[in-house]
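The following exercises concern one protein structure. Each sets a task and then works through its solution step by step.

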Amino acid sequence: MRILVTNDDGIFAEGLWLLVKELMKVGEVAVVAPDREQSAIGTAITLHQPIRARGVRPLLPITEAYAVEGTPSDSVILALGKLLRSKVDLLVSGINEGANVGSDVLISGTVSAALQGNRYGLPAIAVSVDALRGAHLGNAARLAALLAGKISSGYFPGGVFLNVNVPDLPLAKLGGVRLTRLAEGSHAESVKEGNDGKRGYFWLVRERLSRNTDGTTDMGALAQGYISITSLDSDLTSKTPLANPDGLCDELFRGLQHGEQ
Ligand code: MN
């Protein structure tokens with residue numbers, strides 16, 4: 001199995017190389033990742049300037065490692081479209097320092113890189129640990145390798161796209177593994193104001209909402225000491241249909257025609 005590893009914390013982040021170390025036991029690993037931190041960049045891709053990539057000396061004995069002057073999604077697109085010499089079977093993104101739960105998945109560079117892999121038809125896993133400067137990233141790395149093995153053996157459907165969050169706890173303190181759904185809230189942004197001595201500025205500050213304790217959600221599982229695995233897909237279509245959609249469509253179009261007169 002050929003595994004592409006990327007992240008949004010930058011190519012030399014500790015979490016990425018811990019992941020590589022474990023994934024090397026189950027497949028052949030290549031790394032293509034941003035040359036610097038790109039957290040919260042979401043699904044952004046670079047269209048209005050050139051993107052440079054350079055081979056870097058890998059921290060572990062793998063044959064291909066490239067640093068990309070771009071986003072996590074740029075890295076995946078370059079890796080699959082140009083840089084890598086052979087076909088990739090699985091994409092793993094992480095290990096991110098900081099959980100990516102609930103609506104975080106919409107701004108997370110880590111999850112977006114996995115989404116990009118999924119758009120290219122690859123099975124993809126995003127892996128995050130629930131701490132900045134976590135002390136127990138090894139659990140997340142080993143779990144990713146176990147999931148990679150499951151994907152390799154055909155356990156999951158082809159289009160599988162998993163978002164994995166691991167509490168920053170020693171193995172003995174972990175409660176287990178739960179399959180979850182995304183929590184409804186995760187963070188709220190507030191706006192702070194300041195002045196740099198010349199001009200005023202705004203600064204967006206993200207604060208985590210009070211812990212969601214519903215154990216069937218990703219946030220709740222983490223709060224209870226469980227590893228959370230959420231199966232995602234890229235279809236954002238609302239599951240709740242609009243009331244009387246035909247009537248609404250007719251009314252909108254009639255309104256448009258009426259305004260024209
Ligand atoms: Mn990050």
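## Exercise 1: The second largest pocket

The second largest pocket encloses about 500 Å³ of space. Determine which residues lie nearest its centre and how its lining is composed.

**Solution.**

Step 1. The model is a predicted one. In this model, 21 residues line the second largest pocket. Those nearest its centre are Ser39, Asn96, Glu97, Gly98 and Leu132.

Step 2. The elements that each contribute at least two lining residues are β5 (90-97), α3 and β10 (200-208).

Step 3. Sorted by character, the lining of the second largest pocket holds five nonpolar, eight polar and eight charged residues.

## Exercise 2: The manganese ion

Identify the protein donors of the manganese ion, and state where Asp8 and Ser39 lie along the chain.

**Solution.**

Step 1. Four protein atoms are to be named: OD of Asp8, OD of Asp9, OG of Ser39 and OD1 of Asn96. They lie 2.1 to 2.2 Å from the manganese ion.

Step 2. Along the chain, these donors follow the spacing D-D-x29-S-x56-N.

Step 3. Asp8 belongs to the loop between β1 (2-6) and α1 (14-23), whereas Ser39 belongs to the loop between β2 (28-34) and β3 (53-55). The two are 31 residues apart, and the pair links distant parts of the chain.

Step 4. Asp8 has a relative accessible area of 2% and is therefore buried, the limit for this class being under 20%. Ser39, at 31%, is partly exposed. Ser39 and Asn96 also appear among the residues nearest the centre of the second largest pocket.

## Exercise 3: The largest pocket

Describe the volume and the lining of the largest pocket.

**Solution.**

Step 1. The volume of the largest pocket is about 680 Å³.

Step 2. Its lining consists of 23 residues, and Leu182, Leu232, Asp233, Asp235 and Leu236 are the ones nearest the centre.

Step 3. Both α3 (109-119) and β11 (226-231) supply at least two residues of this lining. The largest share, three residues, comes from α3.

Step 4. By character, the lining of the largest pocket comprises nine nonpolar, nine polar and five charged residues.

## Exercise 4: Aromatic rings and charges

How many aromatic pairs does the structure hold? Classify each, and find the charged side chains that sit over a ring.

**Solution.**

Step 1. There are two aromatic pairs. One joins Tyr155 and Phe156, with 5.1 Å between the ring centres and 85 degrees between the planes. This pair is edge-to-face because planes over 60 degrees apart fall in that class.

Step 2. Tyr155 is exposed at 58% relative accessibility, while Phe156 is partly exposed at 22%.

Step 3. Tyr201 and Trp203 form another edge-to-face pair, 6.2 Å centre to centre with 65 degrees between the planes. Tyr201 is partly exposed, its relative accessible area being 35%; Trp203 is exposed at 55%.

Step 4. The charged end of Lys150 sits over the ring of Tyr155, at 5.0 Å from the ring centre. Arg178 lies over the face of Tyr226, 3.8 Å from the centre of that ring.

## Exercise 5: Unusual backbone geometry

Find the cis peptide bond and the residues with a positive phi that are not glycine.

**Solution.**

Step 1. Most residues other than glycine have a negative phi, and most peptide bonds are trans. Departures from these two patterns are to be sought.

Step 2. The peptide bond from Gly94 to Ile95 is cis, its omega being near -10 degrees. Ile95 is part of strand β5.

Step 3. Ala40 has a positive phi of about 65 degrees. It is placed in the loop between β2 and β3, and at 51% relative accessibility Ala40 is exposed.

Step 4. Asn244 has a phi near 45 degrees, which is likewise positive. Its place is the loop between β11 and α6 (245-260), and Asn244 is exposed at 55% relative accessibility.

## Exercise 6: The protein as a whole

State the numbers of helices and strands, the dimensions and the buried share of the protein.

**Solution.**

Step 1. The protein has six helices and 11 strands.

Step 2. Along the principal axes, its C-alpha atoms fill a box of roughly 70 × 55 × 45 Å.

Step 3. The protein has 261 residues, of which 45% count as buried.

Notes:
Residues numbered from 1 in each chain as written. Predicted model: local features only at pLDDT ≥ 70, side-chain atom pairs only at ≥ 80, totals over all residues. Heavy atoms only, no water. Phe/Tyr/Trp six-rings, centres within 6.5 Å; stacked < 30°, edge-to-face > 60°. Buried < 20%, exposed > 50% of the residue type's maximum accessible area, 1.4 Å probe, protein only. Lys NZ or Arg CZ within 6 Å of the ring centre and 35° of its normal. 1 Å grid on protein atoms, 1.4 Å probe; cavity = no way out; pocket = protein on both sides within 12 Å on 5 of 7 lines; lining within 4 Å. Points joined across faces, edges and corners; volume = space filled by probe spheres on them. Helix = DSSP H or I, 4+ residues; strand = E, 2+ residues; numbered from the N terminus. Nonpolar A, V, L, I, M, F, W, Y, C, P; charged D, E, K, R; others polar. Donors = N, O, S within 2.8 Å, 3.2 Å for Na, K, Ca; no water.
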